[in-house]
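Open the model in your viewer and keep the sequence panel at hand. The stops below tell you what to select next.

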Amino acid sequence: MKHMCKRISAFFLALSLALGLCGCSAALGDRLLEQQAIALVQGNVDELYLGKFSEEYMESVGSTEEECLANYKDGLAIEAEYFAGYFGIEYLTDEIEKAIISLYHDIYSHSSYTVGSASKLDDNTVVVKMEVQPIDLFVQVLETFQEDMADFYAQYPSEMVDAMDEAAYQAYDAHWAQEVIALCRKALPNLGHEQTVTLTVQVVLTDDYWQISDASMADINEAIITYP
């Protein structure tokens, strides 16, 4: 039978590396540095989770609208891959991937966070406070998952699945994916948020540019959506 896999922390580090963004130039006066760090964190998370990027933000990080949009889409594609692994979808076809990406576009639109104050830790690090209200969609989905999938399990007993050839198994896998996506879609109108998580985001100086550290980017991504 299909099953959900546990969260893999390394995935989130891979996401932060794939979406690593250059930030503000290092040649900033100390008075502006904390404000610039706040703006950088706000702009990065708005870009990655909401697909929003202002002219001021794009100018500050040296990116075009096309590049920012590509970063956002890359993030959706990576989440689609994680979704497939999490729910045991073995054949991520183009059709299924598009459906999952569309799902995450809608999930991400409910991202809830507040970027707060900043303080200079040392010449190479500024710490920015951030509060995130994690999306609880998958918590809700998994609460009744076995019950909701009972008809699917009844349609495909273990002995049937074990006897399938590759073509039959791919069709079974596609059906499973469609059912899981449909359950998540059904839960979307009731999507809520869990208790606020407070993060300490480090903006670090690397190669003469300021950017969110990989570890902090992974922390943000992990907090945005709860995967039980």
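The tour goes from the sheet to a helix and then to a pocket.

This is a predicted model, where local features need pLDDT of at least 70, side-chain atom pairs count only at pLDDT 80 or more, and totals for chains, interfaces and linings use all residues. Residues are numbered from 1 along each chain as its sequence is written, and side-chain values use heavy atoms, without hydrogens and water.

**The sheet.** Select the four strands (DSSP runs of E, at least two residues, numbered from the N terminus). They form an open antiparallel sheet, ordered β1-β2-β3-β4; pairing takes at least two DSSP bridges. β1 (112-122) and β4 (209-212) are the edges: each has a single partner strand, so one side of each lacks a neighbour in the sheet. From one strand to the next, the twist averages 25°.

**The β3-β4 pair.** Zoom in on β3 (residues 197-206). Four bridges join β3 to β4 in the antiparallel sense. Show Val-203; opposite stands Ile-212 in β4.

**The helix.** Add α11 (residues 214-224; helices are DSSP runs of H or I, at least four residues). α11 lies across β1, β2 (125-133), β3 and β4, at about 150° to β3. Angles run from 0 to 180 degrees between N-to-C directions of axes fitted to C-alpha atoms, for helices over the stretch in contact (heavy atoms within 4.5 Å).

**The pocket.** Which residues are closest to the centre of the largest pocket? Select Ala-39, Ser-54, Glu-56, Tyr-57 and Ser-60, from a lining of 13 residues. Next, colour α2 (30-50) and α3 (55-61), the elements that give two or more residues to this lining. α2 has the largest share, six residues.

Terms used
1 Å grid on protein atoms, 1.4 Å probe; cavity = no way out; pocket = protein on both sides within 12 Å on 5 of 7 lines; lining within 4 Å.
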